[in-house]
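Thanks for sharing this one. Here are a few notes to read alongside the model, set out as numbered points.

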Amino acid sequence: MTFENSYTSALPELAITWNSDVAPSPKALIVNEAVAQSFNLDPQFLNTETGARFLLGNDVIDGCTPMALAYAGHQFGGYSPRLGDGRALLLGEILNNAGQRFDLHLKGSGRTTFSRGGDGKAAVAPMMREHIVSEAMHALGIPTTRSLAIVATGEQIARETWLPGAVLCRIASSHIRVGTFQYAAHHDDPTLVQRLADYAIDRHYPELSHVDNKYLEFFTAVAQRQASLIAQWTLVGFIHGVMNTDNMTISGETIDYGPCAFMDAFDPATVFSSIDHNGRYAFGNQPNIGQWNLARLAETLLPLFSDDKDESVAIATEVLMDFPKQYQALWDAGMSKKLGLKNAPTDLVNDLLQMLHTQSVDYTQFFRSLSSVISGDTSAARNSFINIEQYDAWESRWKELLSRESQSSADIATAVNLVNPIYIARNHLVEEALSAATEGDLNPTLALLEVLQQPFNERSGFERFAQPAPSEYKNYQTFCGT
Ligand code: AMP
Ligand code: MG
């Protein structure tokens with residue numbers, strides 16, 4: 001395997017050479033065979049002790065110079081000028097079989113110069129959550145970093161109790177974050193932001209390398225990818241949980257799965273993170289926060305837009321003002337697909353969501369039941385409502401519109417099943433898998449991963465995985481104590 005270091009060579013100010021902690025008794029808990037193979041890595045090797053040491057950065061191979069990356073960030077709205085890889089390291093860049101460049105990055109690999117008060121470690125459960133949920137997102141077709149492997153270190157780490165430690169070995173198309181631009185903008189060297197932008201353009205938006213106003217085009221393109229990403233999240237009911245500016249990528253991939261979750265009953269105010277007291281990162285607030293984060297990115301790029309500050313602000317504002325419209329258009333298009341219509345009227349969608357909200361109906365299960373309604377069986381959809389008359393009235397309006405579509409009912413039923421997943425990473429299933437993994441039993445995790453691999457394809461024997469959470473999960477929270 002050959003490691004490259006294009007990022008840290010071009011931008012040495014944004015990285016510090018560092019070594020991972022040596023694990024006492026490393027063992028791969030999970031190796032992602034599909035990801036391994038796409039990089040021509042032998043899964044069998046990764047499952048050996050030598051393989052585990054390689055994954056931990058303990059046996060550093062030629063050309064590999066592990067680095068802790070620098071970034072800043074707004075966390076819950078408050079600015080931290082120096083966050084950085086406090087428990088993470090970039091092992092290097094590797095190319096997949098198609099020649100595309102990715103970062104190979106560790107999380108939980110020990111303290112670094114960026115650790116502040118933290119221990120630099122990670123427990124098995126939160127790393128496994130990242131593995132499970134990022135795999136679920138990938139299978140749903142949503143851009144995301146991916147997990148190559150989870151390696152148990154053999155160490156016990158101190159949290160509320162002693163917990164088994166682990167390292168996540170992650171693949172990302174890069175780790176350039178909004179927070180990386182914020183860090184660069186506060187650096188002594190005034191050329192750093194421009195060099196970072198040039199690098200990001202070459203790596204993620206090469207088609208913009210030679211256009212006029214390339215920095216404005218770059219900003220516009222990042223905003224477009226984020227509008228698309230957040231619309232894809234909300235259409236499947238995903239809540240990231242910690243949309244700090246350091247957790248938003250320039251590539252448009254979902255990154256840093258902390259207290260994330262899929263919404264059960266539809267409610268825009270849904271929050272899962274135990275530290276999000278004001279609902280800043282609630283389900284329905286995600287597009288607003290996306291725009292807020294992009295405004296922080298714009299601030300770092302203003303000097304590159306124009307020499308005239310007022311003009312720079314005006315053009316950045318224009319892009320930012322367009323963001324909600326773009327998001328809305330993507331949401332409308334996605335909702336239309338979920339309902340099997342070319343163009344679902346706004347009031348039809350809003351009345352449905354209002355009804356799902358007031359009647360606490362499971363978002364995923366309801367949309368999935370629509371294919372049966374189209375095929376003539378309304379029972380599952382109807383039975384999820386308390387006020388059935390209200391649902392019946394909505395259903396008549398919807399069916400009236402469906403009857404005007406040119407496609408056959410059978411084709412529409414098939415099409416809606418390709419956008420309305422039956423299996424999502426439901427909180428109670430993830431928790432069940434994580435508790436068992438902490439106790440050393442990986443079977444529930446493996447079973448859940450198997451189900452989530454094909455989220456749109458109903459399979460017999462997996463009925464339990466399609467069910468909403470039992471009522472004791474109503475007040476489910478995920479904790480940041482990672
Ligand atoms: P996150 O909440 O994972 O996005 O991390 C926010 C910041 O806190 C990053 O700079 C992390 O590197 C740092 N951090 C999180 N957990 C730890 C830990 N256990 N030790 C050191 N730094 C940490
Ligand atoms: Mg983070």
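1. How many of the 20 residues of H9 are buried? This is a predicted model, and in it the count is 15, so helix H9 is largely enclosed by the rest of the structure.

2. Do look along the length of H9 as well. The helix covers residues 286-305 and spans 27 Å from its first C-alpha to its last, close to the 28 Å expected at 1.5 Å a residue. There is a bend of about 40 degrees at Glu299, and within four residues of that point comes a proline, Pro303.

3. Next, the strands. S8 (residues 146-158) has an antiparallel partner in S2 (residues 27-31), with four bridges joining the two. One place to check this pairing on screen is Ala28, whose bridge partner in S8 is Val151.

4. S8 also pairs with S9 (residues 162-172), again antiparallel, through nine bridges. These two strands make a hairpin, with three residues between them. Ile157 is a handy landmark here: its bridge partner in S9 is Leu163. When you follow the side chains, remember that in a regular strand they alternate between the two faces of the sheet.

5. Finally, the metal site. Which protein residues act as donors to the magnesium ion (ligand 2)? They are Asn247, through OD1, and Asp256, through OD, at 2.0 to 2.2 Å from the ion. Asn247 has 12% relative accessibility, so this residue counts as buried. Asp256 also falls under the 20% cut-off for buried residues, with a relative accessibility of 13%.

Technical notes: Residues are numbered from 1 along each chain as its sequence is written. Chains are lettered from A and ligands numbered from 1 in the order in which they are written. This is a predicted model: local features need pLDDT of at least 70, side-chain atom pairs count only at pLDDT 80 or more; totals for chains, interfaces and linings use all residues. Side-chain values use heavy atoms; hydrogens and water are left out. Donors are N, O and S atoms within 2.8 Å of the metal (3.2 Å for Na, K and Ca); water is not among the atoms, so sites may look incomplete. Buried means under 20% relative accessible area, exposed over 50%, partly exposed in between (1.4 Å probe, protein chains only). Two strands pair if DSSP finds at least two bridges between them. The expected span of a helix is 1.5 Å times one less than its number of residues. The bend at a residue is the angle between axes fitted to the seven residues ending there and the seven starting there.
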